[in-house]
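Hello,

Here is the structure I promised to pass on to you. Have a look at it first, and then read my notes below.

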Amino acid sequence: MSMSTSPNDAFHHRSLSSVEGSSPTLRRTTTGAVPKQLKPFREQDVKILLLENVNQAGRDILHGQGYQVEALKSSLPEDQLIEKIKDVHVIGIRSKTKLTSRVLAAAKNLIVIGCFCIGTNQVDLQYAASHGICVFNSPFSNSRSVAELVIGEIISLARQLGDRSNEMHQGIWNKVSTKCWEVRGKTLGIIGYGHIGSQLSVLAESMGMDVIYYDVVNLMGMGNARQVPTLDQLLATADFVTCHVPELPETMDLISTHQLETMKQGSYLINASRGSVVDIPALIGAMRTGKIAGAALDVYPAEPAGNGDYFNNNLNSWAEDLRGLKNLILTPHIGGSTEEAQSAIGVEVAEALVRYVNEGVTVGAVNMPEVALRSLTMDEPNHARVIFIHQNVPGVLRRVNEILGDHNVDKQMSDSRRDVAYLMADISNVREVEVAQLYRELESLKERIITRILY
Ligand SMILES: NC(=O)C1=CN([C@@H]2O[C@H](COP(=O)(O)OP(=O)(O)OC[C@H]3O[C@@H](n4cnc5c(N)ncnc54)[C@H](O)[C@@H]3O)[C@@H](O)[C@H]2O)C=CC1
Ligand SMILES: O=C(O)CCC(=O)C(=O)O
């Protein structure tokens with residue numbers, strides 16, 4: 001049975017008591033009616049693959065639905081991923097699993113991807129959308145954790161804490177104050193003033209720093225922070241420069257030789273965004289000359305799939321040069337790795353996946369139009385929810401409404417995003433045989449990407 005499409009399986013509703021006991025998404029509607037769980041499938045038929053050690057809180061929510069959940073601690077190399085993804089309906093990943101068009105082409109049953117992180121650059125979002133695969137992420141559950149890590153790094157770099165600690169671990173007492181600074185009164189330059197950048201701005205000002213930021217969008221500064229018109233102006237003014245932009249073609253090597261030359265003598269660079277944003281060989285050169293007095297890197301162009309002694313020249317050709325530098329903090333992509341962030345992300349993304357699988361709701365999706373209708377309730381036993389993902393071309397809605405026309409459409413919503421449109425309609429008083437007929441008719445439309453009927 002293909003869970004994404006078939007309405008033909010036996011009607012299957014859990015008893016109310018078992019639903020209430022287990023469902024984290026169960027809530028009363030504003031009228032007090034209990035939402036009906038919409039399922040054309042048995043929960044145990046829904047196959048979910050979770051990679052990269054998704055937090056237990058998220059796993060519990062998915063297990064609680066009765067889905068089949070396989071959770072692995074690390075990511076998978078492409079060929080193994082292609083094998084594994086073949087029969088799953090849902091995949092959950094973090095930042096390391098690359099869901100390329102090649103991988104997604106093998107995922108014949110996949111209807112939804114959960115990125116248990118902020119970044120979605122690891123997924124071919126357009127390919128996914130054009131194949132009706134919805135993608136969710138957690139847009140800000142780990143922002144505070146990243147901002148706090150950066151605050152720790154600013155102070156650590158200013159005081160050369162990494163070096164002093166390493167020396168003490170080797171038995172060396174090296175009490176120095178030369179080129180060690182307070183951060184009070186220094187200028188922090190934030191590149192990318194989104195969720196993380198703006199949170200960091202507030203924390204930095206509370207330590208007495210002046211904050212400037214550069215962003216491609218005009219944004220209101222928090223507190224006394226000021227937006228500057230060019231990246232070069234930020235680089236020439238800031239004592240500490242920190243990057244919080246997404247991975248995009250425009251942010252590739254955003255900090256390279258010219259930008260490092262533009263920075264102040266003896267300034268510091270932090271990158272906890274994506275490894276492609278900083279040209280690391282150029283940074284190595286700038287640190288060797290003393291132009292850059294210290295740096296902190298949390299992200300790298302190539303990162304290993306799991307934990308182990310992988311940070312060497314086989315992974316990135318310059319890794320051993322980096323490891324030899326002074327006042328350089330290297331962390332293994334832990335910006336969002338706190339208990340608080342991981343459990344919040346686990347809950348947020350798992351709930352979005354459950355809402356999508358069970359109710360077809362796309363609110364919060366990063367590659368699909370956002371569509372929601374209020375939940376069907378137990379008071380509406382013979383209602384069905386039609387979900388029709390289709391190419392966004394003229395005439396489709398007319399044909400869909402011709403098919404739905406013999407039924408009472410209680411409510412309907414449709415929206416589009418680029419080439420893909422998403423229609424959701426609740427129809428009342430339908431019999432199972434009619435559901436199957438509706439399904440067949442919608443499937444026969446040439447613009448159809450995915451049809452799902454939930455009841
Ligand atoms: N190290 C880690 O563990 C983590 C890393 N991240 C990375 O941090 C990035 C930023 O996260 P958020 O602040 O939540 O994203 P966000 O989307 O809230 O903010 C990004 C900001 O960058 C701006 N921007 C885009 N292109 C730009 C450019 N060329 N120059 C200047 N500004 C530009 C945007 O206008 C936006 O204001 C994420 O995309 C992700 O890659 C996120 C979480 C954890
Ligand atoms: O912790 C993770 O797996 C990834 C964090 C990250 O880079 C993100 O949220 O974009």
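A word on pairing before anything else: two strands count as paired if DSSP finds at least two bridges between them. Please also keep in mind that this is a predicted model.

With that in hand, take strand β1 (residues 47-50) and strand β3 (residues 90-93), which pair in the parallel sense over 3 bridges. Within that pairing, L49 has I91 of β3 as its bridge partner. Both strands belong to an open sheet of 5 strands, in the order β2-β1-β3-β4-β5, with parallel pairing. At its edges are β2 (68-71) and β5 (134-136), each of which pairs on one side only. Neighbouring strands here are turned by 15° against each other on average, if direction is ignored. Helix α13 (residues 339-359) packs on this sheet, where it touches β3, β4 (112-115) and β5. The direction of α13 makes about 170° with that of β4.

One residue after β1 caught my eye. E52 sits in the loop between β1 and α2 (56-64), and its phi is positive, about 65°, although it is not a glycine. Is E52 buried or exposed? Its relative accessible area is 7%, under the 20% cut-off, so E52 counts as buried.

Now to the second open sheet. This sheet has 7 strands in the order β8-β7-β6-β9-β10-β11-β12, again with parallel pairing. Which strands stand at its edges? They are β8 (226-227) and β12 (328-330); each has a single partner strand, so one side of each is left without a neighbour in the sheet. The partner of β8 is β7 (residues 210-214), joined to it in parallel by 2 bridges. In that pairing, Y213 stands opposite Q227 of β8.

Two helices that pack on this sheet are worth finding in the viewer. Helix α6 (residues 143-158) touches β6 (187-191), β9 (240-243), β10 (267-271), β11 (292-297) and β12. The direction of α6 makes about 150° with that of β10. Helix α8 (residues 195-206) touches β6, β7 and β9, and its direction makes about 175° with that of β6.

If you zoom in on α8, look for S201, which is part of that helix. S201 is buried, with a relative accessible area of 0%. What is S201 in contact with, leaving aside its neighbours within four places in sequence? The residues are I190, Y193, V211, M222 and A225. Of these, I190 falls within the range of β6 (187-191), and V211 falls within that of β7 (residues 210-214).

Further along the chain comes strand β13 (residues 384-391). In β13, 7 of the 8 residues are buried, so this strand is largely enclosed by the rest of the structure. Strand β15 (residues 420-428) runs antiparallel to β13, and 8 bridges join the two. There, H390 stands opposite A421 of β15. Strand β16 (residues 448-454) also runs antiparallel to β13, joined to it by 6 bridges. In this case F388 has T451 of β16 as its bridge partner.

A second residue with a positive phi lies close by in sequence to β15. R418 is found in the loop between β14 (408-417) and β15; its phi is near 50°, and R418 is not a glycine. R418 is exposed, with a relative accessible area of 64%, whereas E52 is buried.

Finally, some figures for the chain as a whole. It has 15 helices and 16 strands. Its C-alpha atoms fill a box of roughly 80 × 45 × 40 Å along the principal axes. Of its 455 residues, 53% count as buried. Among contacts between residues at least 6 apart in sequence, 66% join residues at least 24 apart. The chain exposes about 20000 Å², and carbon and sulfur atoms supply 51% of that area. As for charge, there are 43 positive and 51 negative side chains, and the centres of the two sets lie 2 Å apart.

Best wishes

Key. Residues are numbered from 1 along each chain as its sequence is written. Chains are lettered from A and ligands numbered from 1 in the order in which they are written. This is a predicted model: local features need pLDDT of at least 70, side-chain atom pairs count only at pLDDT 80 or more; totals for chains, interfaces and linings use all residues. Side-chain values use heavy atoms; hydrogens and water are left out. Helices (H or I, at least four residues) and strands (E, at least two) are DSSP runs, numbered from the N terminus. Contact means heavy atoms within 4.5 Å. Axes are lines fitted to C-alpha atoms, for helices over the stretch in contact, and angles run from 0 to 180 degrees between N-to-C directions. Buried means under 20% relative accessible area, exposed over 50%, partly exposed in between (1.4 Å probe, protein chains only). Accessible areas come from the Shrake-Rupley method with a 1.4 Å probe; for residues, only the protein chains shown count as cover. Lys and Arg count as positive and Asp and Glu as negative; His and the chain ends are not counted. The place of a charge is taken as NZ of Lys, CZ of Arg, CG of Asp or CD of Glu.
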